[in-house]
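Subject: Structure handover and notes

Dear colleague,

I am passing on the structure we discussed, and I would be grateful if you could keep it open while you read the notes that follow. They begin with a term that the first residue needs and then move through the helices and their contacts.

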Amino acid sequence: VVDYSTFRRTYYNEDQHQIYQTGITWILRGVIHLILYRYINYYLMIAPGDVSNTVELVRYLISNFGLYLRISGQFHVIVGILHMFGFNLPETHHLFFLASGFTDLWRRINIYWKDFMLKVFYYPTFFRIRQWGANTSLIFATAFVFFLTWFFHAYQWFWLRGTFLLTVPDMLFWFILACLVVVNTLYEIRRGRKRTLRSMTVGDIAALALRTAGTFTVMAVLWSLWSSDSIRDWIALISVVEVTPENIAVLLLVFLMITVVFGLVIWISSLVNNKSDTNAKQPTSSRSTAVTAGAIVLLFLIGNPVIYSQIGGKAQELISDLTVNRLSDREAALLQRGYYEDLIGVNRFNSQLWEIYSKRPSDWPTIDETEAARQTGDNLIVELVPSTSI
């Protein structure tokens, strides 16, 4: 969803070469996101039914949320290509894994959708009912926006599949997220929020890292709910972890590690921002161009068979595998299972398996309805006909 006024207003509104350079940078960023998505999908993601202990549950939750990189990668590539045609559009995502709250996540993830909902639905609703009081109007308008967000996603599902997405996990996901955003917004109104990473103390970094880790953890759990086929399946997934001192200790240790990682990222970001302020008067376009060009050349060399074939070992196998668009082991198992059990739930969120099934004609026959199979008249019922091609 691209705002039409923004689409027109940003057409060659700056130096054309700078617009092109931004587009190339965003295409590169999108490609990196898609490579990371492939790695997560091929090597880290496991099926919910394979989760049997606390460590595997943590692995599933984090990698399942990480699959969103496919969406952000595609969006960056699309908008980057539009830059090559002169449309200097704003970014679609901004470091969404580093969101320090749920309203912050709403501002960072799928920014175009957020702007669309605010402009078309939130502000008209809020100002029409503002006599109800500021907080009441905010709560109602936010709830209305998230209800419409659920509805439009369900309609998009209908537009793609022909069936309306009406499941309890989907509705519960948007309801819980709406409640979290409302509570977070009211908290920010009362306490305020810092908008900068500059001049942060160690305490500020630690507090921000803790909030970021908490937001990431809650969203990973909610994302597992959203991608589950039913509440029963999600409860079965979560109930793998029994409430024991050992499991609690593992979960706390993982949360501490996530907090430390986010703290390091925030600290490095604050240093970079401080340095950029110091060098604000120096031209940086040539430096940015050089970094982007170097990254593109590096990716090209690493992904070239002539180069990575000289590496050998597991590194060569990894690079070779990441250059191929294939189904993961989890998706291949679903495909095989769907062949025998006529699965209809293979096209859940971010699954490349859906792309295969989406190309299947509506009148797709079963194997026994084709020339490749014949009735046997005995207990075998059906057998495949040798040397038959259809």
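A residue is called buried here when its relative accessible area is under 20%, exposed when that area is over 50%, and partly exposed in between. By that cut-off Thr185, with a relative accessible area of 17%, is buried. Thr185 is found in helix 8, which covers residues 168–191, and, when residues up to four places away in sequence are not counted, Thr185 touches Thr103 and Leu138. Please bear in mind throughout that this is a predicted model.

As for the chain as a whole, its secondary structure comes to 16 helices and two strands, and its C-alpha atoms fill a box of roughly 80 × 60 × 55 Å along the principal axes. Of the 390 residues in the chain, 35% are buried. If one takes the contacts between residues at least 6 apart in sequence, 66% of them join residues at least 24 apart.

Helix 8 deserves some detail. It has 24 residues and reaches 34 Å from its first C-alpha to its last, close to the 34 Å expected at 1.5 Å a residue. Its buried residues are Pro169, Asp170, Phe173, Trp174, Leu177, Ala178, Val181, Val182, Asn184, Thr185 and Glu188, and these pack against helix 5, helix 7, helix 9 and helix 10.

How do helix 8 and helix 9 lie to each other, roughly parallel or roughly antiparallel? Their axes come within 8 Å and cross at roughly 155°, and the two helices are therefore roughly antiparallel to each other. On the side of helix 8 the contact is made by Pro169, Asp170, Leu172, Phe173, Trp174, Ile176, Leu177 and Leu180, and on the side of helix 9 by Val218, Met219, Leu222, Trp223, Leu225 and Trp226. Sorted by class, the residues of this contact divide into 13 nonpolar, no polar and one charged.

Helix 9 (residues 202–226) also meets helix 10 (residues 231–238), their axes coming within 9 Å and crossing at roughly 140°. Angles over 145 degrees count as roughly antiparallel, and helix 9 and helix 10 are therefore oblique to each other. Val221, Ser224 and Leu225 of helix 9 make this contact with Ile231, Trp234 and Leu237 of helix 10, which gives five nonpolar residues, one polar and no charged ones. Leu225 of helix 9 is thus named in the contact with helix 8 and again in the contact with helix 10.

Helix 6 (residues 111–128) has 18 residues and spans 24 Å from its first C-alpha to its last, close to the 26 Å expected at 1.5 Å a residue. There is nevertheless a kink of about 45° in this helix, centred on Leu118. Leu118 is one of the buried residues of helix 6, which also include Trp113, Lys114, Phe121 and Tyr122, and the buried residues of this helix pack against helix 4 (69–84), helix 5 (102–108) and helix 7 (134–161). From helix 7, where Phe152 has its place, Phe152 touches Trp113 and Phe121, leaving out residues up to four places away in sequence. Phe152 itself counts as partly exposed, at 26% relative accessibility.

Two loop residues may interest you for their backbone angles. Most residues other than glycine have a negative phi. Leu95, in the loop between helix 4 and helix 5, has a phi near 45°, a positive value in a residue other than glycine. Asn110, in the loop between helix 5 and helix 6, likewise has a positive phi, near 50°, and is partly exposed, with a relative accessible area of 22%.

The last residue on my list is Ile24, which lies in helix 2 (residues 16–44) and counts as partly exposed at 31% relative accessibility. Leaving aside its neighbours within four places in sequence, Ile24 is in contact with Met84, Thr292 and Ile296. The C-alpha atoms of Ile24 and Thr323, which are 299 residues apart along the chain, are separated by 20 Å.

With kind regards

Conventions
Residues numbered from 1 in each chain as written. Predicted model: local features only at pLDDT ≥ 70, side-chain atom pairs only at ≥ 80, totals over all residues. Heavy atoms only, no water. Axes fitted to C-alpha atoms, helices over the stretch in contact; angles between N-to-C directions. Helix = DSSP H or I, 4+ residues; strand = E, 2+ residues; numbered from the N terminus. Parallel < 35°, antiparallel > 145°, perpendicular 65-115°, else oblique. Contact = heavy atoms within 4.5 Å. Nonpolar A, V, L, I, M, F, W, Y, C, P; charged D, E, K, R; others polar. Buried < 20%, exposed > 50% of the residue type's maximum accessible area, 1.4 Å probe, protein only. Expected span 1.5 Å × (residues − 1). Bend = angle between axes of the 7 residues up to and from the residue.
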